[in-house]
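Biologist: I have a sequence and a model in front of me, and I would love to go through them with you. Could you take my questions one at a time?

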Amino acid sequence: FFLFSVHFSFAQSDTLEIINLYDKALDFDDSKVDSLELYIILIEKNSKKLDYDKGEIFSTRLKGIKAEFTGDFNTAISCYLHCLDLSRDAKLSKYESSALSDLAYVNMQLKNPAKAKEYYQQSTVLSKKSGEAISIISNLTNLGGICNQLGQSDSALFYLNEAWVIANALKVNTDLTFLRNNTGNAWFRKKEWAKALQ
């Protein structure tokens, strides 16, 4: 039934269907690697049919995610780097920022926080240019967390305080748990117990 419904929807194929497939696949976890492969195939096939320029970016990123799920980090990095190149060539900063964040996350998994920091810094620059508050806060929070791991408490607080300024100014109504946690960790490392506890 699932296969029939997917193929039927592509009888009326357009780029919106490809985008919907991509967005749905991004919600998959590592228990859905087989489904992820099916989505990659469908995105590639229908992107070629429609000559949809973002299709290769979508499928390449999903291949990286699939490789990451299976522990093949070299392939994941290769896919994310290719996705980064494709995004830059097409001047699509949204997907460029995603590729940079993916590369940062993989480097964190590989215990390479210094490299992850570089990628998150690049992603932060892009998110600031686009003005997307949630993306800016997310990148700054990640930078704060990485600086904590690197023992750079002052730098961590610099990034985290910048995130707080944006969150408070815009009255962001999203979950700020990671921002609170990383801020507490930074103050804890500086032995500012009262501020950490708050």
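Biologist: Which residue forms a salt bridge with Asp 154?

Modeller: Please keep in mind that this is a predicted model. The closest N and O atoms of the pair are 2.6 Å apart, and a salt bridge needs them within 4 Å. Asp 154 sits in helix α9 and its partner in the loop between α10 and α11, so the pair ties together parts that are 36 residues apart in sequence. The partner of Asp 154 is Lys 190.

Biologist: Is Asp 154 buried or exposed?

Modeller: Happy to check that one. The relative accessible area of Asp 154 is 54%, and the cut-off for that class is over 50%. Lys 190, with 33%, is partly exposed. Asp 154 itself is exposed.

Biologist: How many residues apart are Lys 115 and Glu 118?

Modeller: These two form a salt bridge, with their closest N and O atoms 3.4 Å apart. An α-helix has 3.6 residues a turn, so residues three or four places apart point the same way. Lys 115 is partly exposed at 31% relative accessibility, and Glu 118 is partly exposed at 39%. Both lie in helix α7, and their spacing, about one turn of the helix, is three residues.

Biologist: Which residue meets Arg 88 in a salt bridge?

Modeller: The N to O distance in this pair is 2.8 Å. Arg 88 counts as partly exposed, at 35% relative accessibility, while its partner counts as buried, at 14%. That partner is Glu 96.

Biologist: How many salt bridges does the structure hold?

Modeller: We have met some already, among them Arg 88 with Glu 96 and Asp 154 with Lys 190. Side chains of opposite charge can pair when their charged atoms come close. The total for the structure is seven.

Biologist: Within what arc do the buried residues of α5 fall?

Modeller: The buried residues of α5 are Ala 76, Cys 79, Tyr 80, Cys 83, Leu 84, Leu 86 and Ser 87. Seen down the helix axis, they line one face of α5. The face turned away from them carries the exposed residues Asn 74 and Asp 89. The arc that holds the buried residues is 165°.

Biologist: How far apart are the end C-alpha atoms of helix α5?

Modeller: Helix α5 runs over residues 73-89, which is 17 residues. At 1.5 Å a residue, the expected span agrees with the one found in the model. The distance between the end C-alpha atoms is 24 Å.

Biologist: Why is Cys 83 in no bond with the closest cysteine sulfur?

Modeller: The closest cysteine sulfur to that of Cys 83 is in Cys 79, and a disulfide needs the two sulfur atoms within 2.5 Å. Both cysteines are buried, Cys 79 with a relative accessible area of 13% and Cys 83 with 1%. The structure holds zero disulfides. For this pair the sulfurs are too far for a bond, at 8.8 Å.

Biologist: How many of the 17 residues of α8 are buried?

Modeller: Helix α8 is mostly covered. Its buried residues include Ile 136, Ile 137, Leu 140, Leu 143 and Ile 146. What covers them includes α6, α7, α9 and α10. The number of buried residues in α8 is twelve.

Biologist: Which residue after α8 has a positive phi?

Modeller: The value of that phi is near 75°. There is a positive phi just after α5 too, at Lys 91, where it is about 55°. After α8, the residue is Gly 151.

Biologist: How are the rings of Phe 28 and Tyr 39 arranged?

Modeller: Their centres are 5.1 Å apart and their planes are at 80°, and planes over 60 degrees apart fall in the class you are asking about. Phe 28 is in the loop between α2 and α3, with Tyr 39 in helix α3, eleven residues apart. Both residues are buried. The arrangement of this pair is edge-to-face.

Biologist: Which residues form one aromatic cluster?

Modeller: The structure holds six aromatic pairs, and rings pair if their centres lie within 6.5 Å. The members of the cluster are Tyr 22, Tyr 52, Phe 58 and Tyr 95.

Notes: Residues are numbered from 1 along each chain as its sequence is written. This is a predicted model: local features need pLDDT of at least 70, side-chain atom pairs count only at pLDDT 80 or more; totals for chains, interfaces and linings use all residues. Side-chain values use heavy atoms; hydrogens and water are left out. Helices (H or I, at least four residues) and strands (E, at least two) are DSSP runs, numbered from the N terminus. The expected span of a helix is 1.5 Å times one less than its number of residues. Buried means under 20% relative accessible area, exposed over 50%, partly exposed in between (1.4 Å probe, protein chains only). The arc is that of the directions from the helix axis to the C-beta atoms. Contact means heavy atoms within 4.5 Å. A salt bridge is a side-chain nitrogen of Lys or Arg within 4 Å of a carboxyl oxygen of Asp or Glu. Rings of Phe, Tyr and Trp (its six-membered ring) pair if their centres lie within 6.5 Å; planes under 30 degrees apart count as stacked, over 60 as edge-to-face and the rest as tilted.
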